[in-house]
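Student: I'd like to learn how to read side-chain contacts and helix packing in a model. Could you walk me through some cases?

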Amino acid sequence: MESTQSTGHPRRWAILGVLVVSLLVVVLDNTVLNVAMSTIANPEHGLGATQSELEWAINSYTLVFAGLLFTAGILADRLGRRNTLITGLVIFGAASLFSAYASSPEQLIAARAVMGLGAAAVMPATLSIIANVFDPSERARAIGVWAGAVGLAVAVGPVLGGVLLENFWWGSVFLINVPIVVAGVVLVLVLVPESKDPKPNRVDVPGVLLSIVGLTLLTYGVIKGGEDGFGETAAWSTITVGLLVLVGFVIFQSRIEFPSLDVRLFKIRQFSASIGILGLIFFAAMGSMFFGAFYLQLVRGYGPLASGALFVPFAVGQMVFAPLSASMVKRFGPKAVSTAGLLLVSAGLSTWLLIGAETPIWVVGVAFFVMGVGMANVMPPATEAIMSALPREKAGVGSAVSNTIRQLGGALGVAVLGAVVSSAYRGHLGDAAAGLPPAAEEAARESVAGAYAVAAQAGPAGAELLNQANSAFITGMHYAAVGTVAFALLGTLVAAIWLPGKNRTAAPAVARFEDQDLALADA
(Lines give C-alpha, C1' and ligand atoms only; values in the text may rest on other atoms or scores of the structure.)
Protein backbone atom coordinates (compact mmCIF):
# COMPACT_ATOMS: atom_id res chain seq x y z
CA MET A 1 0.00 0.00 0.00
CA GLU A 2 1.38 3.42 -0.99
CA SER A 3 2.31 5.73 1.89
CA THR A 4 0.59 9.07 2.18
CA GLN A 5 3.35 10.59 4.32
CA SER A 6 4.88 13.71 2.76
CA THR A 7 8.49 13.48 1.61
CA GLY A 8 8.87 17.27 1.45
CA HIS A 9 11.29 19.42 3.43
CA PRO A 10 10.34 19.71 7.13
CA ARG A 11 10.37 23.53 6.94
CA ARG A 12 8.63 23.65 3.55
CA TRP A 13 5.78 25.97 4.57
CA ALA A 14 8.13 28.46 6.20
CA ILE A 15 10.29 28.27 3.07
CA LEU A 16 7.20 28.97 0.96
CA GLY A 17 6.60 32.11 3.03
CA VAL A 18 10.14 33.30 2.26
CA LEU A 19 9.68 32.60 -1.45
CA VAL A 20 6.45 34.57 -1.39
CA VAL A 21 8.35 37.57 0.02
CA SER A 22 10.93 37.20 -2.77
CA LEU A 23 8.20 36.98 -5.39
CA LEU A 24 6.40 40.03 -3.96
CA VAL A 25 9.29 42.33 -4.75
CA VAL A 26 9.21 41.46 -8.46
CA VAL A 27 5.45 41.71 -8.88
CA LEU A 28 5.17 44.82 -6.67
CA ASP A 29 7.42 46.71 -9.04
CA ASN A 30 5.27 46.15 -12.11
CA THR A 31 1.99 46.95 -10.37
CA VAL A 32 3.38 50.12 -8.81
CA LEU A 33 4.72 51.34 -12.14
CA ASN A 34 1.23 51.13 -13.67
CA VAL A 35 -0.02 53.59 -11.03
CA ALA A 36 3.00 55.90 -11.39
CA MET A 37 2.93 56.24 -15.19
CA SER A 38 0.95 59.46 -15.39
CA THR A 39 3.09 61.05 -12.65
CA ILE A 40 6.32 60.09 -14.42
CA ALA A 41 4.88 61.60 -17.62
CA ASN A 42 4.25 64.92 -15.87
CA PRO A 43 7.02 67.44 -16.78
CA GLU A 44 6.70 69.28 -13.44
CA HIS A 45 6.29 66.46 -10.92
CA GLY A 46 7.92 63.62 -12.89
CA LEU A 47 10.39 63.17 -15.71
CA GLY A 48 8.23 64.46 -18.56
CA ALA A 49 8.35 61.04 -20.19
CA THR A 50 6.52 60.60 -23.50
CA GLN A 51 4.14 57.74 -24.23
CA SER A 52 6.95 55.95 -26.04
CA GLU A 53 9.34 56.43 -23.12
CA LEU A 54 6.72 55.15 -20.68
CA GLU A 55 6.29 52.02 -22.77
CA TRP A 56 10.06 51.55 -22.84
CA ALA A 57 10.22 51.96 -19.05
CA ILE A 58 7.98 48.88 -18.94
CA ASN A 59 9.42 47.06 -21.93
CA SER A 60 13.15 47.51 -21.22
CA TYR A 61 12.48 45.46 -18.11
CA THR A 62 10.44 42.94 -20.07
CA LEU A 63 13.04 42.70 -22.84
CA VAL A 64 15.84 41.68 -20.46
CA PHE A 65 13.54 39.63 -18.25
CA ALA A 66 12.08 37.55 -21.07
CA GLY A 67 15.41 37.23 -22.87
CA LEU A 68 17.25 35.83 -19.85
CA LEU A 69 14.56 33.85 -17.99
CA PHE A 70 15.31 30.57 -19.71
CA THR A 71 19.06 30.97 -19.19
CA ALA A 72 18.53 31.89 -15.53
CA GLY A 73 16.49 28.72 -15.00
CA ILE A 74 19.26 26.58 -16.49
CA LEU A 75 21.94 28.29 -14.39
CA ALA A 76 19.84 27.89 -11.23
CA ASP A 77 19.70 24.12 -11.77
CA ARG A 78 23.50 24.01 -12.22
CA LEU A 79 24.83 26.65 -9.79
CA GLY A 80 22.25 26.38 -7.03
CA ARG A 81 18.77 27.81 -6.77
CA ARG A 82 19.33 29.61 -3.46
CA ASN A 83 22.49 31.31 -4.76
CA THR A 84 20.67 32.37 -7.91
CA LEU A 85 17.75 33.75 -5.90
CA ILE A 86 20.01 35.79 -3.61
CA THR A 87 22.00 37.16 -6.55
CA GLY A 88 18.81 38.17 -8.34
CA LEU A 89 17.42 39.91 -5.26
CA VAL A 90 20.60 41.93 -4.74
CA ILE A 91 20.71 43.05 -8.39
CA PHE A 92 17.02 43.92 -8.32
CA GLY A 93 17.36 45.94 -5.11
CA ALA A 94 20.37 47.92 -6.31
CA ALA A 95 18.68 48.75 -9.63
CA SER A 96 15.51 49.79 -7.79
CA LEU A 97 17.55 52.27 -5.78
CA PHE A 98 19.04 53.70 -8.99
CA SER A 99 15.57 53.92 -10.57
CA ALA A 100 14.32 55.95 -7.62
CA TYR A 101 16.91 58.65 -8.26
CA ALA A 102 16.91 58.62 -12.07
CA SER A 103 17.02 62.16 -13.43
CA SER A 104 15.83 61.44 -16.98
CA PRO A 105 13.62 58.94 -18.80
CA GLU A 106 16.73 57.40 -20.35
CA GLN A 107 18.25 56.70 -16.93
CA LEU A 108 14.99 55.18 -15.73
CA ILE A 109 14.80 52.94 -18.80
CA ALA A 110 18.38 51.74 -18.24
CA ALA A 111 17.77 51.06 -14.54
CA ARG A 112 14.60 49.16 -15.37
CA ALA A 113 16.59 46.94 -17.74
CA VAL A 114 18.95 46.01 -14.89
CA MET A 115 15.93 45.32 -12.70
CA GLY A 116 14.80 42.88 -15.40
CA LEU A 117 18.13 41.08 -15.05
CA GLY A 118 17.59 40.63 -11.32
CA ALA A 119 13.97 39.57 -11.78
CA ALA A 120 15.01 36.96 -14.36
CA ALA A 121 17.05 35.25 -11.65
CA VAL A 122 14.41 35.60 -8.92
CA MET A 123 11.23 34.37 -10.63
CA PRO A 124 12.28 30.89 -11.86
CA ALA A 125 14.28 30.24 -8.68
CA THR A 126 11.21 30.67 -6.44
CA LEU A 127 9.10 28.21 -8.41
CA SER A 128 11.89 25.64 -8.83
CA ILE A 129 12.62 25.71 -5.06
CA ILE A 130 8.92 25.01 -4.43
CA ALA A 131 9.15 22.00 -6.74
CA ASN A 132 12.11 20.69 -4.74
CA VAL A 133 10.96 21.22 -1.15
CA PHE A 134 7.36 20.05 -1.64
CA ASP A 135 6.16 16.52 -2.24
CA PRO A 136 4.15 16.16 -5.49
CA SER A 137 1.02 15.53 -3.40
CA GLU A 138 1.33 19.02 -1.87
CA ARG A 139 2.93 20.88 -4.76
CA ALA A 140 -0.31 21.96 -6.43
CA ARG A 141 -1.49 23.56 -3.19
CA ALA A 142 1.87 25.30 -2.73
CA ILE A 143 1.77 26.63 -6.28
CA GLY A 144 -1.73 27.93 -5.56
CA VAL A 145 -0.36 29.89 -2.60
CA TRP A 146 2.54 31.10 -4.79
CA ALA A 147 0.05 32.32 -7.39
CA GLY A 148 -2.05 33.93 -4.66
CA ALA A 149 1.03 35.94 -3.69
CA VAL A 150 0.82 37.58 -7.09
CA GLY A 151 -2.65 38.75 -6.10
CA LEU A 152 -1.31 40.07 -2.80
CA ALA A 153 1.34 42.11 -4.65
CA VAL A 154 -1.27 43.42 -7.08
CA ALA A 155 -3.31 44.60 -4.08
CA VAL A 156 -0.50 46.06 -1.99
CA GLY A 157 1.53 47.58 -4.82
CA PRO A 158 -0.91 50.11 -6.27
CA VAL A 159 -2.27 51.21 -2.88
CA LEU A 160 1.17 51.59 -1.31
CA GLY A 161 2.41 53.27 -4.48
CA GLY A 162 -0.54 55.65 -4.38
CA VAL A 163 0.17 56.59 -0.77
CA LEU A 164 3.81 57.29 -1.65
CA LEU A 165 2.94 59.33 -4.76
CA GLU A 166 0.51 61.50 -2.85
CA ASN A 167 3.03 62.22 -0.08
CA PHE A 168 6.49 61.95 -1.66
CA TRP A 169 8.23 62.27 -5.02
CA TRP A 170 7.70 59.76 -7.82
CA GLY A 171 10.96 57.89 -7.15
CA SER A 172 9.66 56.69 -3.81
CA VAL A 173 7.61 54.02 -5.61
CA PHE A 174 10.83 52.20 -6.45
CA LEU A 175 12.24 52.56 -2.93
CA ILE A 176 9.52 50.22 -1.60
CA ASN A 177 11.50 47.40 -3.23
CA VAL A 178 14.63 47.99 -1.14
CA PRO A 179 13.41 46.97 2.35
CA ILE A 180 11.62 43.95 0.86
CA VAL A 181 14.85 42.89 -0.86
CA VAL A 182 16.82 43.23 2.38
CA ALA A 183 14.26 41.17 4.30
CA GLY A 184 14.11 38.62 1.51
CA VAL A 185 17.89 38.09 1.36
CA VAL A 186 18.14 37.62 5.15
CA LEU A 187 15.26 35.14 5.24
CA VAL A 188 16.58 33.18 2.25
CA LEU A 189 19.99 32.85 3.93
CA VAL A 190 18.42 31.65 7.18
CA LEU A 191 15.66 29.31 5.97
CA VAL A 192 16.01 28.21 2.35
CA PRO A 193 18.19 25.15 1.66
CA GLU A 194 20.46 25.04 -1.34
CA SER A 195 19.43 22.69 -4.15
CA LYS A 196 20.79 21.97 -7.59
CA ASP A 197 20.87 19.26 -10.23
CA PRO A 198 23.12 16.56 -8.69
CA LYS A 199 24.17 15.27 -12.11
CA PRO A 200 24.11 18.23 -14.49
CA ASN A 201 24.73 17.58 -18.15
CA ARG A 202 27.34 19.47 -20.12
CA VAL A 203 26.50 23.13 -20.59
CA ASP A 204 24.65 23.61 -23.86
CA VAL A 205 26.39 26.89 -24.74
CA PRO A 206 25.07 27.17 -28.34
CA GLY A 207 21.53 26.43 -27.16
CA VAL A 208 21.71 29.00 -24.36
CA LEU A 209 23.01 31.66 -26.75
CA LEU A 210 20.34 30.83 -29.34
CA SER A 211 17.61 31.16 -26.70
CA ILE A 212 18.92 34.55 -25.54
CA VAL A 213 19.26 35.93 -29.07
CA GLY A 214 15.91 34.55 -30.26
CA LEU A 215 13.87 35.67 -27.25
CA THR A 216 15.52 39.10 -27.15
CA LEU A 217 14.96 39.74 -30.87
CA LEU A 218 11.35 38.53 -30.70
CA THR A 219 10.58 40.71 -27.66
CA TYR A 220 12.30 43.73 -29.19
CA GLY A 221 10.36 43.31 -32.44
CA VAL A 222 7.10 43.13 -30.51
CA ILE A 223 7.99 46.31 -28.62
CA LYS A 224 8.94 48.15 -31.82
CA GLY A 225 5.72 46.99 -33.43
CA GLY A 226 3.72 48.43 -30.56
CA GLU A 227 5.65 51.70 -30.75
CA ASP A 228 5.93 52.31 -34.51
CA GLY A 229 3.46 49.83 -36.04
CA PHE A 230 4.05 46.24 -37.09
CA GLY A 231 4.32 47.29 -40.74
CA GLU A 232 7.62 49.04 -40.02
CA THR A 233 10.69 47.17 -41.22
CA ALA A 234 12.42 47.35 -37.83
CA ALA A 235 9.44 45.59 -36.24
CA TRP A 236 8.51 42.78 -38.62
CA SER A 237 12.07 41.99 -39.68
CA THR A 238 13.23 41.67 -36.07
CA ILE A 239 10.25 39.48 -35.19
CA THR A 240 10.94 37.28 -38.23
CA VAL A 241 14.62 36.86 -37.40
CA GLY A 242 13.77 36.17 -33.74
CA LEU A 243 11.29 33.46 -34.73
CA LEU A 244 13.79 31.91 -37.14
CA VAL A 245 16.43 31.81 -34.42
CA LEU A 246 13.96 30.14 -32.03
CA VAL A 247 13.03 27.58 -34.70
CA GLY A 248 16.74 26.91 -35.08
CA PHE A 249 16.97 26.56 -31.30
CA VAL A 250 14.20 23.93 -31.28
CA ILE A 251 15.77 21.98 -34.16
CA PHE A 252 19.18 22.11 -32.48
CA GLN A 253 17.74 20.96 -29.14
CA SER A 254 16.08 17.97 -30.80
CA ARG A 255 19.39 16.74 -32.26
CA ILE A 256 21.93 17.08 -29.45
CA GLU A 257 22.69 14.65 -26.62
CA PHE A 258 22.37 17.11 -23.71
CA PRO A 259 19.78 19.76 -24.62
CA SER A 260 18.91 22.75 -22.45
CA LEU A 261 15.24 22.06 -23.19
CA ASP A 262 14.06 18.60 -24.17
CA VAL A 263 11.55 19.39 -26.90
CA ARG A 264 9.83 16.03 -26.35
CA LEU A 265 8.03 17.78 -23.51
CA PHE A 266 5.83 19.51 -26.07
CA LYS A 267 4.45 16.12 -27.10
CA ILE A 268 2.72 16.02 -23.70
CA ARG A 269 -0.67 17.50 -24.46
CA GLN A 270 -1.31 18.99 -21.01
CA PHE A 271 2.14 20.63 -21.00
CA SER A 272 1.71 22.25 -24.42
CA ALA A 273 -1.87 23.34 -23.76
CA SER A 274 -0.90 24.90 -20.43
CA ILE A 275 1.94 26.83 -22.07
CA GLY A 276 -0.46 28.18 -24.69
CA ILE A 277 -3.10 29.13 -22.11
CA LEU A 278 -0.61 31.09 -20.01
CA GLY A 279 0.60 33.06 -23.03
CA LEU A 280 -2.91 33.89 -24.21
CA ILE A 281 -4.28 34.91 -20.83
CA PHE A 282 -1.31 37.15 -19.99
CA PHE A 283 -1.60 38.81 -23.39
CA ALA A 284 -5.18 39.78 -22.55
CA ALA A 285 -4.70 40.64 -18.88
CA MET A 286 -1.53 42.76 -19.15
CA GLY A 287 -2.89 44.65 -22.15
CA SER A 288 -6.12 45.50 -20.34
CA MET A 289 -4.28 46.68 -17.23
CA PHE A 290 -2.09 48.93 -19.35
CA PHE A 291 -4.97 50.86 -20.91
CA GLY A 292 -7.00 50.54 -17.69
CA ALA A 293 -4.42 52.55 -15.75
CA PHE A 294 -4.63 55.43 -18.24
CA TYR A 295 -8.43 55.32 -18.21
CA LEU A 296 -8.61 55.56 -14.41
CA GLN A 297 -6.01 58.30 -13.93
CA LEU A 298 -6.70 60.49 -16.96
CA VAL A 299 -10.24 59.98 -18.26
CA ARG A 300 -11.71 59.51 -14.78
CA GLY A 301 -9.26 61.80 -13.00
CA TYR A 302 -8.49 59.52 -10.07
CA GLY A 303 -5.28 60.11 -8.17
CA PRO A 304 -2.64 57.41 -7.76
CA LEU A 305 -4.08 56.14 -4.47
CA ALA A 306 -7.69 55.93 -5.69
CA SER A 307 -6.74 54.33 -9.02
CA GLY A 308 -4.47 51.89 -7.19
CA ALA A 309 -7.32 50.94 -4.88
CA LEU A 310 -9.44 50.02 -7.89
CA PHE A 311 -6.98 47.25 -8.75
CA VAL A 312 -7.52 45.70 -5.31
CA PRO A 313 -10.61 43.65 -6.33
CA PHE A 314 -8.46 41.85 -8.94
CA ALA A 315 -5.94 41.03 -6.24
CA VAL A 316 -8.58 39.91 -3.75
CA GLY A 317 -10.01 37.51 -6.31
CA GLN A 318 -6.58 35.97 -6.83
CA MET A 319 -5.62 35.86 -3.16
CA VAL A 320 -8.83 34.16 -2.08
CA PHE A 321 -9.33 31.68 -4.91
CA ALA A 322 -5.80 30.74 -6.08
CA PRO A 323 -4.99 28.68 -2.94
CA LEU A 324 -8.31 26.84 -3.40
CA SER A 325 -7.65 25.91 -7.03
CA ALA A 326 -5.83 22.65 -6.20
CA SER A 327 -8.87 21.22 -4.38
CA MET A 328 -11.10 22.42 -7.23
CA VAL A 329 -8.93 20.57 -9.75
CA LYS A 330 -9.09 17.39 -7.66
CA ARG A 331 -12.87 17.62 -7.52
CA PHE A 332 -13.71 18.72 -11.08
CA GLY A 333 -10.55 18.15 -13.13
CA PRO A 334 -8.19 20.60 -14.92
CA LYS A 335 -10.44 20.98 -17.98
CA ALA A 336 -13.52 22.17 -16.08
CA VAL A 337 -11.65 24.44 -13.65
CA SER A 338 -9.46 26.12 -16.28
CA THR A 339 -12.30 26.51 -18.78
CA ALA A 340 -14.53 28.11 -16.13
CA GLY A 341 -11.67 30.38 -15.06
CA LEU A 342 -11.01 31.50 -18.62
CA LEU A 343 -14.71 32.20 -19.19
CA LEU A 344 -14.71 34.39 -16.07
CA VAL A 345 -11.65 36.28 -17.37
CA SER A 346 -13.43 36.74 -20.71
CA ALA A 347 -16.51 38.08 -18.92
CA GLY A 348 -14.44 40.55 -16.92
CA LEU A 349 -12.59 41.74 -20.01
CA SER A 350 -15.80 42.11 -22.02
CA THR A 351 -17.01 44.65 -19.46
CA TRP A 352 -14.48 47.12 -20.87
CA LEU A 353 -16.50 47.16 -24.09
CA LEU A 354 -19.28 48.93 -22.18
CA ILE A 355 -17.22 51.28 -20.03
CA GLY A 356 -17.34 54.98 -20.91
CA ALA A 357 -16.39 58.29 -19.34
CA GLU A 358 -19.44 58.30 -17.02
CA THR A 359 -19.75 54.59 -16.17
CA PRO A 360 -20.25 54.00 -12.40
CA ILE A 361 -16.84 53.19 -11.04
CA TRP A 362 -18.08 50.11 -9.17
CA VAL A 363 -18.49 48.45 -12.58
CA VAL A 364 -14.73 48.68 -13.08
CA GLY A 365 -14.16 47.16 -9.63
CA VAL A 366 -16.49 44.24 -10.39
CA ALA A 367 -14.79 43.64 -13.74
CA PHE A 368 -11.37 43.48 -12.05
CA PHE A 369 -12.69 41.12 -9.36
CA VAL A 370 -14.17 38.72 -11.92
CA MET A 371 -10.88 38.76 -13.84
CA GLY A 372 -8.97 38.00 -10.63
CA VAL A 373 -11.19 35.05 -9.73
CA GLY A 374 -10.79 33.70 -13.26
CA MET A 375 -7.00 34.08 -13.26
CA ALA A 376 -6.86 32.32 -9.87
CA ASN A 377 -8.36 29.23 -11.48
CA VAL A 378 -6.11 29.31 -14.55
CA MET A 379 -2.57 30.11 -13.35
CA PRO A 380 -2.08 27.43 -10.63
CA PRO A 381 -3.32 24.39 -12.60
CA ALA A 382 -1.46 25.49 -15.73
CA THR A 383 1.76 26.07 -13.79
CA GLU A 384 1.43 22.75 -11.95
CA ALA A 385 0.93 20.94 -15.27
CA ILE A 386 4.17 22.43 -16.58
CA MET A 387 6.20 21.70 -13.42
CA SER A 388 4.88 18.13 -13.05
CA ALA A 389 6.15 17.28 -16.54
CA LEU A 390 9.77 17.54 -15.34
CA PRO A 391 11.74 15.76 -12.62
CA ARG A 392 12.70 17.84 -9.57
CA GLU A 393 16.32 18.28 -10.63
CA LYS A 394 15.14 20.02 -13.83
CA ALA A 395 12.64 22.28 -12.05
CA GLY A 396 14.54 25.43 -13.05
CA VAL A 397 13.96 24.71 -16.74
CA GLY A 398 10.23 24.12 -16.20
CA SER A 399 9.91 27.32 -14.19
CA ALA A 400 11.84 29.25 -16.82
CA VAL A 401 9.60 28.01 -19.64
CA SER A 402 6.45 28.96 -17.70
CA ASN A 403 7.71 32.43 -16.80
CA THR A 404 9.13 33.13 -20.26
CA ILE A 405 5.78 32.44 -21.90
CA ARG A 406 3.99 34.67 -19.39
CA GLN A 407 6.39 37.52 -20.01
CA LEU A 408 6.24 37.22 -23.80
CA GLY A 409 2.44 37.11 -23.62
CA GLY A 410 2.37 40.19 -21.41
CA ALA A 411 4.83 42.08 -23.61
CA LEU A 412 2.79 41.25 -26.69
CA GLY A 413 -0.39 42.37 -24.93
CA VAL A 414 1.06 45.76 -23.95
CA ALA A 415 2.64 46.31 -27.38
CA VAL A 416 -0.18 45.12 -29.63
CA LEU A 417 -3.08 46.50 -27.61
CA GLY A 418 -1.16 49.69 -26.85
CA ALA A 419 -0.67 50.11 -30.61
CA VAL A 420 -4.41 49.55 -31.17
CA VAL A 421 -5.30 52.19 -28.58
CA SER A 422 -2.76 54.70 -29.97
CA SER A 423 -3.82 54.20 -33.59
CA ALA A 424 -7.53 54.51 -32.80
CA TYR A 425 -6.88 57.55 -30.61
CA ARG A 426 -5.04 59.39 -33.37
CA GLY A 427 -7.67 58.41 -35.91
CA HIS A 428 -10.61 59.65 -33.81
CA LEU A 429 -9.13 62.79 -32.26
CA GLY A 430 -10.49 64.88 -35.13
CA ASP A 431 -9.54 68.54 -35.40
CA ALA A 432 -9.44 69.20 -31.65
CA ALA A 433 -5.69 69.91 -31.78
CA ALA A 434 -5.89 72.05 -34.92
CA GLY A 435 -4.76 75.63 -34.40
CA LEU A 436 -2.38 74.76 -31.59
CA PRO A 437 1.35 75.49 -31.94
CA PRO A 438 3.06 72.68 -33.89
CA ALA A 439 4.82 71.18 -30.86
CA ALA A 440 1.63 71.24 -28.79
CA GLU A 441 -0.43 69.74 -31.60
CA GLU A 442 2.09 66.92 -32.03
CA ALA A 443 2.05 66.18 -28.29
CA ALA A 444 -1.76 66.17 -28.16
CA ARG A 445 -1.98 63.81 -31.12
CA GLU A 446 0.65 61.43 -29.78
CA SER A 447 -1.29 60.23 -26.74
CA VAL A 448 -4.10 61.05 -24.33
CA ALA A 449 -1.48 61.88 -21.69
CA GLY A 450 0.02 64.43 -24.08
CA ALA A 451 -3.43 65.93 -24.69
CA TYR A 452 -3.94 66.43 -20.96
CA ALA A 453 -0.57 68.13 -20.63
CA VAL A 454 -1.37 70.46 -23.55
CA ALA A 455 -4.91 71.18 -22.31
CA ALA A 456 -3.55 72.38 -18.98
CA GLN A 457 -1.76 75.20 -20.86
CA ALA A 458 -4.35 75.84 -23.57
CA GLY A 459 -6.81 78.03 -21.66
CA PRO A 460 -10.49 77.87 -22.77
CA ALA A 461 -9.62 75.64 -25.74
CA GLY A 462 -8.39 72.99 -23.32
CA ALA A 463 -11.88 71.82 -22.34
CA GLU A 464 -12.86 70.89 -25.89
CA LEU A 465 -9.49 69.22 -26.46
CA LEU A 466 -10.02 67.06 -23.37
CA ASN A 467 -13.55 66.08 -24.41
CA GLN A 468 -12.39 64.89 -27.82
CA ALA A 469 -9.24 63.29 -26.39
CA ASN A 470 -11.29 61.31 -23.84
CA SER A 471 -13.73 60.21 -26.51
CA ALA A 472 -10.92 59.15 -28.85
CA PHE A 473 -9.13 57.24 -26.08
CA ILE A 474 -12.28 55.39 -25.02
CA THR A 475 -12.90 54.40 -28.64
CA GLY A 476 -9.37 53.00 -28.83
CA MET A 477 -9.87 51.26 -25.49
CA HIS A 478 -13.00 49.55 -26.82
CA TYR A 479 -11.12 48.36 -29.91
CA ALA A 480 -8.37 46.95 -27.71
CA ALA A 481 -10.93 45.31 -25.41
CA VAL A 482 -12.23 43.31 -28.39
CA GLY A 483 -8.72 41.91 -28.77
CA THR A 484 -8.44 40.97 -25.09
CA VAL A 485 -11.75 39.09 -25.17
CA ALA A 486 -10.79 37.27 -28.38
CA PHE A 487 -7.52 36.01 -26.89
CA ALA A 488 -9.17 34.97 -23.62
CA LEU A 489 -11.82 33.02 -25.55
CA LEU A 490 -9.09 31.38 -27.64
CA GLY A 491 -7.48 30.26 -24.38
CA THR A 492 -10.86 28.90 -23.29
CA LEU A 493 -11.05 26.84 -26.48
CA VAL A 494 -7.56 25.43 -25.89
CA ALA A 495 -8.50 24.41 -22.34
CA ALA A 496 -11.80 22.84 -23.38
CA ILE A 497 -10.20 20.77 -26.16
CA TRP A 498 -6.77 19.77 -24.86
CA LEU A 499 -6.73 19.79 -21.06
CA PRO A 500 -7.61 16.47 -19.40
CA GLY A 501 -10.92 15.95 -17.66
CA LYS A 502 -11.62 14.81 -14.11
CA ASN A 503 -10.62 11.18 -14.60
CA ARG A 504 -7.62 11.81 -16.84
CA THR A 505 -4.23 13.26 -15.95
CA ALA A 506 -0.93 13.85 -17.66
CA ALA A 507 0.80 11.16 -15.59
CA PRO A 508 0.89 8.50 -18.33
CA ALA A 509 2.46 10.96 -20.75
CA VAL A 510 5.06 11.96 -18.16
CA ALA A 511 5.75 8.33 -17.44
CA ARG A 512 6.37 7.67 -21.14
CA PHE A 513 8.69 10.67 -21.23
CA GLU A 514 10.70 9.29 -18.28
CA ASP A 515 10.76 5.81 -19.84
CA GLN A 516 12.31 7.35 -22.96
CA ASP A 517 15.03 8.88 -20.76
CA LEU A 518 15.80 5.48 -19.24
CA ALA A 519 15.95 3.92 -22.68
CA LEU A 520 18.38 6.57 -23.86
CA ALA A 521 20.51 6.06 -20.76
CA ASP A 522 20.68 2.29 -21.34
CA ALA A 523 21.49 2.64 -25.04
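Tutor: Gladly! Let's start with a polar contact: the side chain of Ser128 reaches the backbone oxygen of Ala125 at 3.1 Å. Keep in mind that this is a predicted model.

Student: Where is the place of Ser128?

Tutor: Ser128 sits in helix H4, which covers residues 105-133.

Student: And does Ser128 count as buried or exposed?

Tutor: The cut-off for buried is under 20% relative accessible area. Ser128 has 0% relative accessibility, so this residue counts as buried.

Student: Let's turn to rings. How many aromatic pairs does the structure hold?

Tutor: There are 11 aromatic pairs. One of them joins Phe290 and Phe294, with 5.5 Å centre to centre and 70 degrees between the planes, an edge-to-face pair. Planes over 60 degrees apart count as edge-to-face.

Student: Which helix holds Phe290 and Phe294, and how many residues apart are they?

Tutor: Both belong to helix H10 (residues 269-299), and they are 4 residues apart, about one turn of the helix. Phe290 and Phe294 are both buried.

Student: What about the rings of Phe311 and Phe368: how are their planes set?

Tutor: Between stacked and edge-to-face there is a tilted class. The ring planes of Phe311 and Phe368 stand at 35 degrees, with the centres 4.9 Å apart, so this pair is tilted.

Student: Which parts does that pair tie together?

Tutor: Phe311 lies in the loop between helix H11 (304-309) and helix H12 (312-321), whereas Phe368 lies in helix H15 (residues 361-376), so the pair links parts that are 57 residues apart in sequence. Both residues are buried: Phe311 has a relative accessible area of 5%, and Phe368 has 0%.

Student: Which residues form an aromatic cluster with Phe311 and Phe368?

Tutor: Phe291, Tyr295 and Trp352 join Phe311 and Phe368 in one aromatic cluster.

Student: Now for helix packing. At what angle do H10 and helix H19 pack?

Tutor: The angle is about 15 degrees, and the axes of H10 and H19 (residues 448-455) are 11 Å apart. Angles under 35 degrees count as roughly parallel, and H10 and H19 are therefore roughly parallel to each other. The crossing of H10 past H19 is left-handed.

Student: Which residues make the contact?

Tutor: On H10 they are Phe294, Leu298 and Val299, and on H19 they are Val448, Ala449 and Tyr452. You have met Phe294 already, in the edge-to-face pair with Phe290.

Student: How do H18 and H19 cross?

Tutor: Helix H18 (residues 438-446) and H19 have axes that come within 5 Å and cross at roughly 140 degrees. H18 and H19 are therefore oblique to each other. Ala440, Ala443 and Ala444 of H18 meet Gly450, Ala451 and Val454 of H19.

Student: Can we finish with accessibility? Is Val316 buried or partly exposed?

Tutor: Val316, in helix H12, has 31% relative accessibility, so this residue counts as partly exposed. Its C-alpha atom is 26 Å from that of Thr39, with their positions 277 residues apart along the chain.

Student: And where is the place of Pro198?

Tutor: Pro198 is in the loop between helix H7 (177-191) and helix H8 (205-228). With a relative accessible area of 67%, Pro198 is exposed. From Pro198 to Ile91 the C-alpha to C-alpha separation is 27 Å, and the two are 107 residues apart in sequence.

How values were computed
Residues are numbered from 1 along each chain as its sequence is written. This is a predicted model: local features need pLDDT of at least 70, side-chain atom pairs count only at pLDDT 80 or more; totals for chains, interfaces and linings use all residues. Side-chain values use heavy atoms; hydrogens and water are left out. Helices (H or I, at least four residues) and strands (E, at least two) are DSSP runs, numbered from the N terminus. Buried means under 20% relative accessible area, exposed over 50%, partly exposed in between (1.4 Å probe, protein chains only). A polar contact is a pair of N or O atoms within 3.5 Å; within protein, one must be able to donate a hydrogen and the other to accept it, and residues adjacent in sequence count only if both atoms are side-chain atoms. Rings of Phe, Tyr and Trp (its six-membered ring) pair if their centres lie within 6.5 Å; planes under 30 degrees apart count as stacked, over 60 as edge-to-face and the rest as tilted. Axes are lines fitted to C-alpha atoms, for helices over the stretch in contact, and angles run from 0 to 180 degrees between N-to-C directions. Angles under 35 degrees count as roughly parallel, over 145 as roughly antiparallel, 65 to 115 as roughly perpendicular and the rest as oblique. A crossing is left-handed if the near helix is turned anticlockwise from the far one by less than a right angle, and right-handed if clockwise. Contact means heavy atoms within 4.5 Å.
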